[in-house]
Amino acid sequence: MAQLLRRHLPVILSLILFFSRVTADANFTVSRAAYYPNSDTKGTENGACEYDAFGAALNSGDVSASASLYRDGVGCGACYQVRCTHPFFCSPNGVTIVITDSGASDDTDFILSQHAFTKMGQNTDAGASLLTLGVVGIEYRRVSCSYPNKNIVFKITESSNFPHYLEFEIWYQQGNQDIIAVQLCETVNLICQLLSRTHGAVWAAVSPPSGPLSIRMLFSSGAHRGGDEKWLVPTNIVPQNWTAGAIYDSGVQVQL
C-alpha cells in the first residue's frame, strides 16, 4: 500500500492543488470552450465586431467569439482570462483573449482561436491534447486589456463617404470598462452629435459636423461595479478632410 501511494503521490498532490485552486477562485465563472478550425496563428477575419484583418491578428491572435459576452457589440474588444479545468493538461493561468466575434457551439461561452485554445495547456504537448478533446471545461473572468505604447485609435471604415457619412471603429482600448456612448464634436463651434452603434464595434454619423472633429467616449465600469461613468476626450483631432480607410491616433489611452 505504501509503495502504491508513493507511486501515485505526485498525481494525488496535483489533483488536490488543482481542486483547491478552483474552489478558491470564486470570482471565476464556470463554462465550456471550443475553438475555430484552421486558426492556428490567428482568429477569424469575419467576426461580428467587424474588426476584419485587424481582429484576426489582435492580441497576437489570442481572440474569441462569444454569444453571451458579445452584448450587441458592447463586449467587442473586452478581455477575459480563460483557463481550462482538465487536471492533467491545463496551466493555472490559461490565456488572455479579446472578444472579436459573436458565436456559440455545444453550450460554450467561448469559441477561441486555435492559437488561444492551445495556450491553455501546460506545454505544447498538453495544448495538442486539448485540441484533440475539442470542447473543454473552463473558468473565466473579465480582466484589463493592455496595449503598451499604444493610444486608442479610430479606424475610418471603407463604408464612409466624405462628407455625408462617417463610420469608424475604436481600436486598442485598454482597461476593463465598456464604451457605452460616443459623441462626435466639431471643435471650433463645439457642435456635438451623439452617435449610434450600428453593429459590432462600429459607430456612425449621418451628416456629421463639418470641420475638425473630436471623438469623445463615455466609459462605464458597469452596474455590478458601482456604475462609474467617465468621458474621455482625445487630445488629437480627426482632420476636417477625413478619408475612408484612414487611421487617426486619439493621443490618449485609458490608464490602468
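Trainee: Let's start with Glu 139: buried or exposed, and with what relative accessible area?

Mentor: Keep in mind that this is a predicted model. The cut-off for buried is under 20% relative accessible area. Glu 139 falls on the buried side of that, and its relative accessible area is 2%.

Trainee: Which residue forms a salt bridge with Glu 139?

Mentor: Side chains of opposite charge can pair when their charged atoms come close. For Glu 139, the closest N and O atoms of the bridge are 2.6 Å apart, and the partner is Arg 83.

Trainee: How many residues apart in sequence are the parts that Glu 139 and Arg 83 tie together?

Mentor: Look at where each one sits: Glu 139 is in strand β6, residues 136-143, and Arg 83 is in strand β3. Arg 83 is buried too, at 5% relative accessibility. Since the two residues lie in those two strands, the pair ties together parts whose separation in sequence is 56 residues.

Trainee: OK, on to Asp 178. Which residue meets it in a salt bridge at 2.9 Å, N to O?

Mentor: Asp 178 lies in strand β9, residues 178-186, and this partner is in the loop between α3 (67-70) and β3 (79-84), so the pair ties together parts 107 residues apart in sequence. Asp 178 counts as buried at 9% relative accessibility, while the partner is partly exposed at 32%. The side chain that meets Asp 178 here belongs to Arg 71.

Trainee: And which residue forms a salt bridge with Asp 178 at 3.1 Å?

Mentor: This partner lies in strand β6, so its pairing with Asp 178 in β9 ties together parts that are 36 residues apart in sequence. It is partly exposed, with a relative accessible area of 22%. The residue is Arg 142.

Trainee: Which residues are linked in a network of salt bridges?

Mentor: Asp 178 bridges to Arg 71, and Asp 178 also bridges to Arg 142. Put those together and you get the network of Arg 71, Arg 142 and Asp 178.

Trainee: How many salt bridges does a search of the whole structure find?

Mentor: Among them are Glu 139 with Arg 83 and Asp 178 with Arg 71. Across the whole structure, the search gives a total of six.

Trainee: Last one, on the hairpin of β11 and β12: which residue takes a positive phi?

Mentor: Strands β11 (residues 196-199) and β12 (residues 202-206) run antiparallel, joined by three bridges. Ser 196, for instance, has Ala 204 in β12 as its bridge partner. The hairpin has two residues between the strands, and the one with a phi near 55° is Gly 200.

Definitions and conventions
Residues are numbered from 1 along each chain as its sequence is written. This is a predicted model: local features need pLDDT of at least 70, side-chain atom pairs count only at pLDDT 80 or more; totals for chains, interfaces and linings use all residues. Side-chain values use heavy atoms; hydrogens and water are left out. A salt bridge is a side-chain nitrogen of Lys or Arg within 4 Å of a carboxyl oxygen of Asp or Glu. Helices (H or I, at least four residues) and strands (E, at least two) are DSSP runs, numbered from the N terminus. Buried means under 20% relative accessible area, exposed over 50%, partly exposed in between (1.4 Å probe, protein chains only). Two strands pair if DSSP finds at least two bridges between them.
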